[in-house]
Amino acid sequence: MDVSVEAGDSVASWCGGIRLEVYPLMGRPGVRAIGEIGLDTRTAWREALARLVRSSADRLHVDLSRVTFIDVAGVTDLAVAAQSLSGGRRIVVHRPPPQLARVLAVCWPELGGIEVTP
Amino acid sequence: MTNAVTTDEMFVHPALFYRGEQEFLAGTVPFVLAGLAAAEPVAVATPPEHLQLIRHHLADRADEVHFVDMTRAGRNPGWIIPGVLRRFADAHDAGRVRIIGEPVWAGRSHLEYPACAQHEALINAAFVEREVTILCPYDTDGLDPRVLDDALATHPLVIDGAGETASAAYSPELVVARYNEVLPVPPDAETYHFESSSQLAGAREFAVRYGGRTGLDGRLLNDLALAVAELTTNSVIHGAGSGTLRIWTEGERIVCEVHDAGRLVDPLAGRRPQVPSEPGGRGLLLVNHIADLVRVHTGETGTTIRFYLGS
């Protein structure tokens, strides 16, 4: 895969072809995920989010442009992470797969702390 | 006709057996007005013709009532508790809430009706100890006698031309069991067996390819992918680790089901609104929201959850 790990911790998890890699973003606080967020990659996703919310930055970026699918539990993990932020801090999700908006609208219609950029 | 619905109990769930428009109005409009007089939040969720009737007869009081088109919001009976009834009740949790909910009408299909009857039965479990009154109108001219018999079993109280009586036939568990029907699979169904979590993506892609071939558009394909992912993931987690996905077309709709060897022990699964602080348990709720209809069969041979998606 043509991805270079730039700095900091990265996590990768794969099992039987379902794979998720998470890398720190360059130049701003956040992570970029590559692969799929589902049952087999849940641990890696949760660990990445847990690490992300420990950052003290006001805006935490999550680039999902190379995530092909995210399930309800994966969106829930993101929503729970966003809810854990205090003092106006937010998670900004970039270019998520289409499931994310659908699940947020149904399961988390009034969720604050998260913003999605298409 | 009496309109004095008993309110000394917490949850009150009467069936209103009406014949014709006048009896419908006599049973519903005073019920709404009594709620407004007691400063109770009132919602009316019925087919559109009945919404119009009630709205017309409430005249300038109609603005105080929340109206819901049950043929849309409640098209899947499995979504009525979380998406219509509890959505309204939970938003007004100080004091009694009053709802008219008409989930069964003459146009309900034979596929939908079993889910309607189970829904009516499960309302009782979903609102235990809640200060809520839900009045369910039943059209005694338009509905099958079997439907009216079921209503006697799913409602502790019955109101008809003779007044208000406790239903001697009240037995909601019996109705849940009665409509826990084996769901026949057509011979042209396409099948995908999954044995472990590593095949979840394969099952989802199998369903999406089928949906794409039948011309599903982007939103419905996305919904299909999500629903399949939730049901197959549940099978891997709760259903002995494996399962079978089947998919076919009925008329304009895609029908998809997931079968596994597990047994669904919680009849309210997928019908509780999500609690923001609680992770998990949203998969079935989402399937209930996006599907036109969800049917469930569970027993000794395992559990099948079938959903219908419109095109």
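# Notebook: a predicted two-chain model

**Entry 1. A:Ala81.** I began with A:Ala81, which I located in helix α2 of chain A, a helix that covers residues 72-83. I note at the outset that the model is predicted. I then asked whether A:Ala81 is buried or exposed. I counted 21 C-beta neighbours inside 10 Å. The cut-off for a buried residue is 20 or more, and A:Ala81 is therefore classed as buried.

Next I looked up which residues A:Ala81 touches, leaving aside those up to four places away in sequence. I found A:Leu49, A:Leu52, A:Val53 and A:Ile91. For A:Leu49 I also recorded the distance: its C-alpha atom is 6.6 Å from that of A:Ala81, with the two positions 32 residues apart along the chain.

**Entry 2. Chain A as a whole.** I listed three helices and six strands in chain A. Reading along the sequence, I wrote down the pattern β-β-β-α-β-α-β-α-β. Chain A has 118 residues, and I found 42% of them to be buried. I also examined its contacts between residues at least 6 apart in sequence; 62% of these join residues at least 24 apart.

**Entry 3. Where the chains meet.** How many residues of each chain take part in the contact between chain A and chain B? I recorded 21 residues of chain A and 20 residues of chain B. On the side of chain A, helices α2 and α3 (99-107) each contribute at least two residues. By class, I sorted that side of chain A into 11 nonpolar, six polar and four charged residues.

**Entry 4. Chain B as a whole.** I listed 10 helices and 13 strands in chain B. The C-alpha trace of chain B spans about 60 × 40 × 35 Å along its principal axes. I compared its radius of gyration, 20 Å, with the value near 19 Å expected of a compact globule of 311 residues, and the two agree. Of the 311 residues, 47% count as buried. Among contacts in chain B with a separation of 6 or more, I found that 70% come from residues 24 or more positions apart.

**Entry 5. The two domains of chain B.** The domain assignment divides chain B into domain 1 (11-178) and domain 2 (190-309). I noted 29 Å between the C-alpha centres of these two domains. Their contact involves 18 residues from domain 1 of chain B and 14 residues from domain 2 of chain B.

Which helices of chain B each supply at least two residues of the side of domain 1 that touches domain 2? I identified α4 (80-91) and α5 (113-126) of chain B. The largest share, six residues, comes from α4(B). I classed this side of domain 1 of chain B as 10 nonpolar, three polar and five charged residues.

**Entry 6. B:Glu164.** I found B:Glu164 in strand β8 of chain B, residues 163-166. With 16 other C-beta atoms within 10 Å, B:Glu164 is partly exposed. I also looked up its separation from B:Leu16: the two are 148 residues apart along the chain, and their C-alpha atoms are 9.0 Å apart.

**Entry 7. A five-stranded sheet in chain B.** I traced an open sheet in chain B with the strand order β9-β10-β11-β13-β12 and antiparallel pairing. Why is one side of β9 (190-194) and of β12 (293-299) of chain B left without a neighbour in the sheet? Both strands stand at the edges and each has a single partner strand, so one side of each has no neighbour there. On average, neighbouring strands of this sheet are turned by 15 degrees against each other, direction ignored.

Within the sheet I followed the pairing of β11 (residues 253-260) with β13 (residues 302-309) of chain B, which is antiparallel and runs over seven bridges. I noted that B:Val258 has B:Ile305 in β13(B) as its bridge partner. Helix α9 (residues 218-238) of chain B packs on the sheet, where it touches β9, β10 (243-250), β11 and β13 of chain B. The direction of α9 makes about 10 degrees with that of β11(B).

**Entry 8. Helix α10 of chain B.** I closed with helix α10 of chain B, residues 283-290, and found eight of its eight residues buried. Among them are B:Gly283, B:Leu284, B:Asn288 and B:His289. What do the buried residues of α10(B) pack against? I recorded α2 and α3 of chain A, together with α4, α9, β12 and β13 of chain B.

Technical notes: Residues are numbered from 1 along each chain as its sequence is written. Chains are lettered from A and ligands numbered from 1 in the order in which they are written. This is a predicted model: local features need pLDDT of at least 70, side-chain atom pairs count only at pLDDT 80 or more; totals for chains, interfaces and linings use all residues. Helices (H or I, at least four residues) and strands (E, at least two) are DSSP runs, numbered from the N terminus. A residue is buried if 20 or more other C-beta atoms lie within 10 Å of its own, exposed if 12 or fewer, and partly exposed in between; C-beta atoms are placed from the backbone. Two residues are in contact if their C-beta atoms, placed from the backbone, lie within 7 Å. Domain bounds come from an automatic or database domain assignment. Ala, Val, Leu, Ile, Met, Phe, Trp, Tyr, Cys and Pro count as nonpolar, Asp, Glu, Lys and Arg as charged, and the others, Gly among them, as polar. Two strands pair if DSSP finds at least two bridges between them. Axes are lines fitted to C-alpha atoms, for helices over the stretch in contact, and angles run from 0 to 180 degrees between N-to-C directions. The radius of gyration is taken over C-alpha atoms; the globule rule is 2.2 Å times the number of residues to the power 0.38.
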